[in-house]
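I opened the notebook today to look up charge pairs, ligand contacts and a few backbone details in one model. The entries below follow the order in which I checked them.

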Amino acid sequence: MAKKKIRAGVIGLGIGQFHVQGYGLHPKAEVTAVCDLKKDLAQKTAAQYGVPNVYTDYKEMLKSGTVDTVSVCVPNDLHRPMSIDCLKAGMNVLCEKPMTTSAREGKKMLDAAEESDKVFMMQFNNRYRPDSQLLKSAIDDGDLGDVYFARCGWIRRNGIPGWGSWFTDVERAGGGPLIDLAVHMLDLTIYLMGNPEPVTCLASTYSVFGPNMEGLGPWGTPDPKGKFSVEDMAVGMIRFDGGQTIWVEASWASRIKEEYVYSTLCGTKAGANLETSFGPGGGDRLEMFTQERGVPVDKHMMVEPDPAMGRTNSVQHFCDCVVSGKQPLSPAADGYRLMKVLDAMYKSAKSGKAVNIK
Ligand SMILES: NC(=O)c1ccc[n+]([C@@H]2O[C@H](COP(=O)([O-])OP(=O)(O)OC[C@H]3O[C@@H](n4cnc5c(N)ncnc54)[C@H](O)[C@@H]3O)[C@@H](O)[C@H]2O)c1
């Protein structure tokens, strides 16, 4: 008899909508429950996707017997308690980025994932974009030679999400655009470089526009009763065990031309740039830079754009891992390693000194 389908539950139905869609695309998965504190949103999502069970309390969902696999898509400070509860209840877990709000919390999640016999995967969706995968295969084939330096970032001109919500509260989010946006491109860049071990960093953070309720974006309605206790811009440099360096920048608000998302790699044989730009004629672009017959050659790799930015591909990879029992491409260990980098960067910004990453 064919193995039963994965019965997935999605907790948190903001970005969690992509998870609902992703499971729906996999032939061996179905969404059997959705959960959100906002009952209306949960009911609306259930009606839209034909999901039979609706919860507002995730613990009820875990006890119900309706799910065996869960996506955790709630504010950052809830990733640790919910993911661990899910693993303890025998669920496979797909956890949204960032892993959590600090390396200490991340270690608890890593331990829980390693103690469990279930699949735990980090939703580092940018790894699963078709352009990222093409670039990764080029790097693995040696096309770039040794990648010794990279620049990456996600910068916005006016894009503070939900002023006054959990996003701008350091206790709930862990930080601002560094942990929210740069986390994506930093993860992708470390992955493209072959997962070197980070050893030290130097970083600065700034909070210039956020405290005055300037730099707001289209994401969420501002709540003047809330607070802004995070940075609105961050920049830093990270050194790795093989001598490689990454320079990273992030902003929710800064006086720049326009939003830009990128990872630029410098290798001993060739370089590459993967970018999403938002100006006129913008979009996704992947290029490689070589030198042939003594002259510079630019190769534009025509990859089909993925408007979901890998968010549904990643869910499908997760389902494949649940079915096969294979280790996912973005395991808990990678989430924890990144939390150590982010912690050290915030520590460096506070102290004004370089910080070892342990
Ligand atoms: N991978 C990506 O591209 C991406 C994009 C945006 C956000 N995220 C991450 O996804 C997570 C959620 O972000 P968002 O933008 O959807 O936030 P959001 O605030 O828009 O949505 C979160 C949802 O979770 C619900 N929720 C909160 N506490 C809950 C609880 N205890 N039980 C059930 N539901 C609860 C809220 O009601 C809300 O609907 C964050 O960790 C964020 O960093 C990832």
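**Ligand contacts**

I began with valine 74, where a backbone N or O atom lies 3.2 Å from an oxygen atom of the ligand. I kept in mind throughout that this is a predicted model.

I then looked up isoleucine 15, and there a backbone N or O atom lies 2.8 Å from an oxygen atom of the ligand. For histidine 79 it is the side chain that I noted, since one of its N or O atoms is 2.8 Å from a ligand oxygen. Taken alone, the ligand exposes 840 Å², and the protein buries 83% of that area.

Which residues come nearest to the ligand? I found 24 residues around the ligand, and the ones that come nearest are Ile15, Asp36, Asn76, Asn125 and Arg311. I also checked where the ligand sits, and the place is the largest pocket.

**Salt bridges**

How many salt bridges does the structure hold? I have 18 written down, and I went through several of them one by one. As a reminder to myself, side chains of opposite charge can pair when their charged atoms come close.

The side chains of arginine 7 and aspartate 68 form a salt bridge, with 3.3 Å from N to O. Arginine 7 belongs to strand E1 (residues 6-11), while aspartate 68 is in the loop between helix H3 (58-63) and strand E4 (69-72), so this pair ties together parts that are 61 residues apart in sequence. I looked up the accessibility of both partners: arginine 7 is partly exposed at 29% relative accessibility, and aspartate 68 is also listed as partly exposed, with a relative accessible area of 23%.

Next I turned to lysine 227 and aspartate 169, which form a salt bridge whose closest N and O atoms are 3.8 Å apart. Lysine 227 is in the loop between strand E8 (198-206) and strand E9 (233-240), and aspartate 169 is in the loop between strand E7 (147-155) and helix H7 (170-173), so the pair ties together parts that are 58 residues apart in sequence. Are these two partners buried or exposed? Lysine 227 counts as partly exposed at 44% relative accessibility, whereas aspartate 169 is buried, with a relative accessible area of 14%.

I made a similar check on arginine 285 and glutamate 287, a salt bridge in which the closest N and O atoms are 3.9 Å apart. Arginine 285 is partly exposed, with a relative accessible area of 30%, and glutamate 287 is buried at 15%, a value under the 20% that serves as the limit for buried.

**A network around aspartate 334**

I wrote down one group separately, in which Arg127, Asp187, Asp334 and Arg337 are linked in a network of salt bridges. Within this group I followed aspartate 334, which is found in helix H10 (residues 332-351) and counts as buried at 9% relative accessibility. The side chain of aspartate 334 makes a polar contact with the side chain of arginine 127, at 3.1 Å.

**Backbone details**

Which peptide bond did I note as cis? It is the bond from lysine 97 to proline 98, with omega near -20°, and proline 98 is placed in the loop between strand E5 (92-96) and helix H5 (103-115).

I also looked up positive phi values in residues that are not glycine. Asparagine 195 has a phi of about 55°; this residue is in the loop between helix H8 (177-192) and E8 and is partly exposed, with a relative accessible area of 30%. For methionine 213, phi is near 60°, the residue is found in the loop between E8 and E9, and its relative accessible area of 32% makes it partly exposed.

**Last entry: phenylalanine 124**

I closed with phenylalanine 124, in the loop between strand E6 (120-123) and helix H6 (130-140), which is buried, with a relative accessible area of 2%. How far apart are phenylalanine 124 and valine 183 in sequence and in space? I noted 59 residues in sequence and 8.7 Å in space, taken from C-alpha to C-alpha.

Methods
Residues numbered from 1 in each chain as written. Predicted model: local features only at pLDDT ≥ 70, side-chain atom pairs only at ≥ 80, totals over all residues. Heavy atoms only, no water. Salt bridge = Lys/Arg side-chain N within 4 Å of Asp/Glu carboxyl O. Helix = DSSP H or I, 4+ residues; strand = E, 2+ residues; numbered from the N terminus. Buried < 20%, exposed > 50% of the residue type's maximum accessible area, 1.4 Å probe, protein only. Near = heavy atom within 4 Å. Polar contact = N/O pair within 3.5 Å; in protein donor to acceptor, adjacent residues only side chain to side chain. Areas by Shrake-Rupley, 256 points an atom, 1.4 Å probe, with all protein chains shown as cover. 1 Å grid on protein atoms, 1.4 Å probe; cavity = no way out; pocket = protein on both sides within 12 Å on 5 of 7 lines; lining within 4 Å. Sits in = over half its atoms within 2 Å of the grid points.
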